[in-house]
Amino acid sequence: MYGSASTHDLPSTAPTGLENEDPILLAEFEARIARGEKIEPGDWMPALYRKQLTRMIEQHAHSEIIGSLPEGTWITRAPGFRRKMAQMAKVQDEVGHAQLLYSAAETLGKTREQMLVDLINGKSKYSNVFNYPTPTWADSNVISWLIDAGAIVNQLANAKGSYGPYCRALDRICAEEAFHLKYGHDAVVHMATGTPIQRKMMQEALNRWWPAIMTFFGPSDKMSVHTEILMRWKVKMASNDECRNQFLDMYVPKIWEIGLTLPDANLRKNEETGQWEFTEPDWEDFKRVINGDGPCNAERLAVRRAAEENGAWVRRALSAGKTHQYVRPLA
Ligand code: FAQ
């Protein structure tokens with residue numbers, strides 16, 4: 001069966017969930033979006049816009065902290081001091097991205113504490129790709145290069161979206177991700193042009209990760225639930241298939257250029273349509289993974305749960321401090 005990154009028609013039904021909104025306010029809101037204005041936290045917005053944005057930004061924030069774990073396990077084992085320092089800086093950046101994104105999501109009303117509770121309890125999603133293991137240094141390099149590359153494709157588009165706090169967070173994040181991408185590319189090139197064993201390791205890691213990379217951008221447009229409303233309100237500025245196609249356009253030639261191959265005999269660009277064709281990803285497996293049943297879901301959430309439990313005393317101490325008035329010591 002073939003997939004294609006060509007733009008499938010998105011559902012054209014009127015969005016539901018707007019029945020209770022004031023039609024005049026809704027029309028003004030949509031006119032502002034059409035004019036390219038940014039929506040700010042204090043502005044009027046439909047409840048559905050708030051709900052959708054909270055869901056998406058929160059999932060994005062979770063993806064950053066959970067996403068720091070597979071690479072984080074390689075800090076102590078990175079080959080050499082320079083790689084170790086760079087890996088550590090990258091992981092710190094990813095956690096910083098989560099901080100920015102939680103702050104952006106909080107402007108919509110949900111508290112950070114509740115978001116973290118929902119993550120640990122498995123109520124909120126995070127990116128499927130971080131539920132796969134990184135058994136070798138080469139696997140970590142695939143994340144640093146190609147997952148960051150995918151993230152940039154998605155985030156550069158959405159940084160031009162409608163919600164001010166999210167766009168400003170994405171601008172900052174993209175600047176840092178651009179550095180991660182170069183670091184990842186350098187690490188992959190180093191392995192791919194190294195000894196035959198290093199090259200083999202790199203190829204095997206790429207083979208392991210390719211199916212997950214193909215699903216990173218979300219289900220095909222014909223299966224996507226939220227794309228239509230999110231694109232109507234300029235939260236998503238490109239559909240899942242458009243992002244996937246742009247990623248393939250930009251990175252498949254670079255992968256081939258360094259002599260690596262991709263484990264999909266059907267992968268080719270249709271020069272007439274400009275769209276890439278590929279073997280349809282296993283969407284049933286994707287659904288299982290995003291719903292908690294991937295190879296590392298339990299392990300990833302256990303790490304987060306332990307972090308919450310181990311940090312509880314710090315949060316208690318900080319909030320206790322807030323309840324006491326600061327008394328200036330006597331001179
Ligand atoms: N993984 O209707 P759609 C990074 C869910 S950041 C898990 O198409 P939508 C940085 C979706 O939530 C990576 N779940 O959804 C880094 C929905 O479920 P729900 C994260 C997925 O929102 C690099 C259902 O499937 N980036 O990597 C995924 O229109 C290296 C239906 O899907 C962002 O979060 C998936 N891949 O489009 C860190 C960017 N795809 O909520 C460390 C912002 C879909 O109804 C190391 N988010 N689902 O239960 C987005 O752009 C969008 O939310 C999409 C999904 C494109 C991810």
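In the predicted model, the ligand occupies the space of the largest pocket. This pocket encloses about 1100 Å³ of space and is lined by 45 residues, among which Q59, S127, F216, F217 and G218 lie nearest its centre. Two or more lining residues are contributed by each of helix 2, helix 3, helix 5, helix 6, helix 8, helix 9 (240-257) and helix 10, and helix 2 gives the most, with nine residues. When the lining is divided by class, 18 of its residues are nonpolar, 17 are polar and ten are charged.

The shell around the ligand itself comprises 38 residues, of which K125, N154, V225, H226 and K236 come nearest to the ligand. At least two residues of this shell are supplied by each of helix 2 (47-72), helix 3 (81-106), helix 5 (137-158), helix 6 (164-192), helix 8 (227-232) and helix 10 (283-293). Helix 2 again makes the greatest contribution, here with eight residues, as it does with nine in the lining of the pocket. The shell divides into 14 nonpolar, 15 polar and nine charged residues.

Polar atoms of the ligand are approached by both backbone and side-chain atoms of the protein. On the backbone side, an N or O atom of N128 is placed 2.8 Å from a ligand nitrogen, while a polar backbone atom of F216, a residue that is also among those nearest the centre of the largest pocket, lies 3.0 Å from a nitrogen atom of the ligand. A side-chain contact is provided by N240, in which an N or O atom is found 2.8 Å from an oxygen atom of the ligand. Considered alone, the ligand would expose 1100 Å², and 91% of this area is buried by the protein.

Definitions and conventions. Residues are numbered from 1 along each chain as its sequence is written. This is a predicted model: local features need pLDDT of at least 70, side-chain atom pairs count only at pLDDT 80 or more; totals for chains, interfaces and linings use all residues. Side-chain values use heavy atoms; hydrogens and water are left out. A residue is near a molecule or strand if one of its heavy atoms lies within 4 Å of it. A polar contact is a pair of N or O atoms within 3.5 Å; within protein, one must be able to donate a hydrogen and the other to accept it, and residues adjacent in sequence count only if both atoms are side-chain atoms. Accessible areas come from the Shrake-Rupley method with a 1.4 Å probe; for residues, only the protein chains shown count as cover. On a 1 Å grid over the protein atoms alone, a cavity is a set of points where a 1.4 Å probe fits but cannot get out, and a pocket is an open set with protein on both sides within 12 Å along at least five of seven lines; lining residues have an atom within 4 Å of a point. A molecule sits in a cavity or pocket if more than half of its atoms lie within 2 Å of its grid points. Helices (H or I, at least four residues) and strands (E, at least two) are DSSP runs, numbered from the N terminus. Ala, Val, Leu, Ile, Met, Phe, Trp, Tyr, Cys and Pro count as nonpolar, Asp, Glu, Lys and Arg as charged, and the others, Gly among them, as polar. Grid points are joined across faces, edges and corners, and a volume is the space filled by probe spheres set on the points.
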